Amino acid sequence: MVAEDLVSSAEAAPLGPPTELQGPAFGLHFPQLALRRRLGQLSCMSKPALKLRSWPLTVLYYLLPLGALRPLSRVGWRPVSRVALYKSVPTRLLSRAWGRLNQVELPQWLRRPVYSLYIWTFGVNMKEAAVEDLHHYRNLSEFFRRKLKPQARPVCGLHSVISPSDGKILNFGQVKNCEVEQVKGVTYSLESFLGPRTPAEDLPFPPATPHSSFRSQLVTREGNELYHCVIYLAPGDYHCFHSPTDWTVSHRRHFPGSLMSVNPGMARWIKELFCHNERVVLTGDWKHGFFSLTAVGATNVGSIRIYFDRDLHTNSPRYSKGSYNDFSFVTHANKEGIPMRKGEHLGEFNLGSTIVLIFEAPKDFNFKLQAGQKIRFGEALGSL
């Protein structure tokens with residue numbers, strides 16, 4: 001709702017004798033003229049104050065039976081959209097509070113019932129855990145980050161790219177027109193997701209030309225294409241992620257961003273959801289050219305950890321939304337970056353979230369996947 005709409009609607013209405021409008025759900029009487037005056041007073045407020053005063057009515061509009069607040073629309077009031085309402089929720093603050101709660105040590109007698117409830121709710125398979133005894137995990141954070149038995153996830157050696165984590169395949173395929181699908185039919189900008197080109201010499205991008213597209217700046221070899229794969233980690237999945245191939249990480253870019261839910265239903269609802277959320281973009285190269293892995297944060301998943309990056313601090317109050325910060329792993333002592341072997345431990349989430357792979361490969365690269373299928377770390381994503 002904007003102030004100008006309120007003023008225009010108030011001026012457009014005839015100033016006759018006050019009439020009464022009846023709310024169909026409660027029989028409430030709304031004096032029309034008095035309500036117009038009250039809405040007109042909001043035009044003098046600042047935008048933050050205006051948004052705050054609109055919240056109660058907007059929440060009621062979506063919670064009450066259909067038509068209960070319809071009389072308000074007749075005097076110029078319009079509810080904030082569901083998407084705008086959800087975006088205004090302080091998810092970073094809530095996720096930070098959840099993270100602190102996860103660190104609280106649980107007494108021995110409480111651990112089994114709490115963890116058992118979580119296991120039952122999200123279908124966790126504790127037989128795969130390196131430690132099956134629930135009393136071993138002192139807090140929720142340790143339980144979320146539990147390790148697996150070595151034989152639980154064999155790494156496929158026949159294919160060039162494997163799944164870096166457990167999860168569900170949301171989308172995959174070639175990147176076309178610099179747009180990537182987060183779920184079928186809903187796209188986001190490749191440049192907004194990875195961030196703009198930086199002229200630093202250590203970034204794994206070829207030199208840009210004045211009229212080149214962002215996609216062409218990433219493809220380093222003639223005849224190659226750019227591919228993507230999106231994997232959603234549910235709360236009950238194994239929360240660590242691994243290297244999907246043999247590659248070298250040369251650069252990290254951290255976007256503070258929001259922490260909205262990334263479940264498939266929300267991804268269909270909010271366009272460019274992955275570009276709004278906090279994320280850590282690791283870029284480098286593999287045997288076929290450009291390669292990147294992005295860990296996308298979500299509600300209650302403010303903590304993204306990269307094992308070899310001690311300088312990374314996610315969901316920190318010192319970072320402002322809309323900004324990003326770069327860090328290079330290429331130094332005078334290390335001209336190559338961080339070498340990663342296929343299947344090697346790379347990082348972890350505190351709860352379920354999303355992994356996005358964007359990489360360059362020859363045109364005959366084929367995915368061994370179906371959209372919506374469940375996949376486990378170590379299983380094949382695709383190969384030449």
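Is F367 buried or exposed, and what is its relative accessible area? F367 is buried, at a relative accessible area of 16%; buried denotes under 20% relative accessible area, exposed over 50%, and partly exposed in between, calculated with a 1.4 Å probe on protein chains only.

The legends below describe a predicted model, in which local features need pLDDT of at least 70, side-chain atom pairs count only at pLDDT 80 or more, and totals for chains, interfaces and linings use all residues. Residues are numbered from 1 along each chain as its sequence is written, and side-chain values use heavy atoms, with hydrogens and water left out.

**Figure 1. Aromatic pair formed by Y118 and F122.** A search of the whole structure finds 24 aromatic pairs. The ring centres of Y118 and F122 are 4.7 Å apart and the ring planes stand at 50°, so this pair is classed as tilted. Rings of Phe, Tyr and Trp (for Trp, the six-membered ring) are paired if their centres lie within 6.5 Å; planes under 30 degrees apart are stacked, over 60 edge-to-face, and the rest tilted. Both residues belong to helix α7 (residues 108–122), where a spacing of four residues separates them by about one helical turn. Helices (H or I, at least four residues) and strands (E, at least two) are DSSP runs numbered from the N terminus. Y118 is buried, at 12% relative accessibility, whereas F122 is partly exposed, with a relative accessible area of 39%.

**Figure 2. Aromatic pair formed by F365 and F367, and the cluster that includes both.** The rings of F365 and F367 meet edge-to-face, with 5.2 Å between centres and 85° between planes. F365 is buried, with a relative accessible area of 4%, and F367 is likewise buried, at 16%. Ring pairs join these two residues with F172, Y227, W247, W286, F291 and F359 in a cluster.

**Figure 3. Arginine side chains over the rings of F143 and F255.** The charged end of R146 sits over the ring of F143, 4.9 Å from the ring centre. R279 lies over the face of F255, at 3.9 Å from the ring centre. A charge is taken to sit over a ring if NZ of Lys or CZ of Arg is within 6 Å of the ring centre and within 35 degrees of the ring normal.

**Figure 4. Positions listed by UniProt for "active site".** The unreviewed UniProt entry lists D166, H242 and S353 under this heading. These residues span 188 residues in sequence, yet no two of their C-alpha atoms are more than 14.2 Å apart, so they gather at one spot. UniProt positions are given in the numbering used here, feature names are shortened, and annotations may be inferred rather than shown by experiment. D166 is found in the loop between β3 (161–162) and β4 (167–174), and S353 in the loop between β15 (345–349) and β16 (354–362). S353 is buried, with a relative accessible area of 0%.

**Figure 5. Surroundings of D166 and its salt bridge with R153.** D166 is buried, at 6% relative accessibility, and R153 is buried at 8%. Not counting residues up to four places away in sequence, D166 touches R153, I231, Y232, L233, D237, Y238, I375, R376 and F377; contact denotes heavy atoms within 4.5 Å. The side chains of R153 and D166 meet in a salt bridge at 2.6 Å, N to O. A salt bridge places a side-chain nitrogen of Lys or Arg within 4 Å of a carboxyl oxygen of Asp or Glu. R153 lies in the loop between α8 and β3 and D166 in the loop between β3 and β4, 13 residues apart. A network of salt bridges links E128, R153, D166 and R376.

**Figure 6. Salt bridges of E348 with R145 and K147.** The whole structure contains 13 salt bridges according to the search. In the pair formed by E348 and R145, the closest N and O atoms are 3.5 Å apart. E348 lies in strand β15 and R145 in the loop between α8 (140–144) and β3, so this pair ties together parts that are 203 residues apart in sequence. E348 is buried, at a relative accessible area of 4%, while R145 is partly exposed, at 23%. E348 also forms a salt bridge with K147 (3.8 Å, N to O). K147 is in the loop between α8 and β3, so its pairing with E348 ties together parts 201 residues apart in sequence. K147 is partly exposed, with a relative accessible area of 37%.
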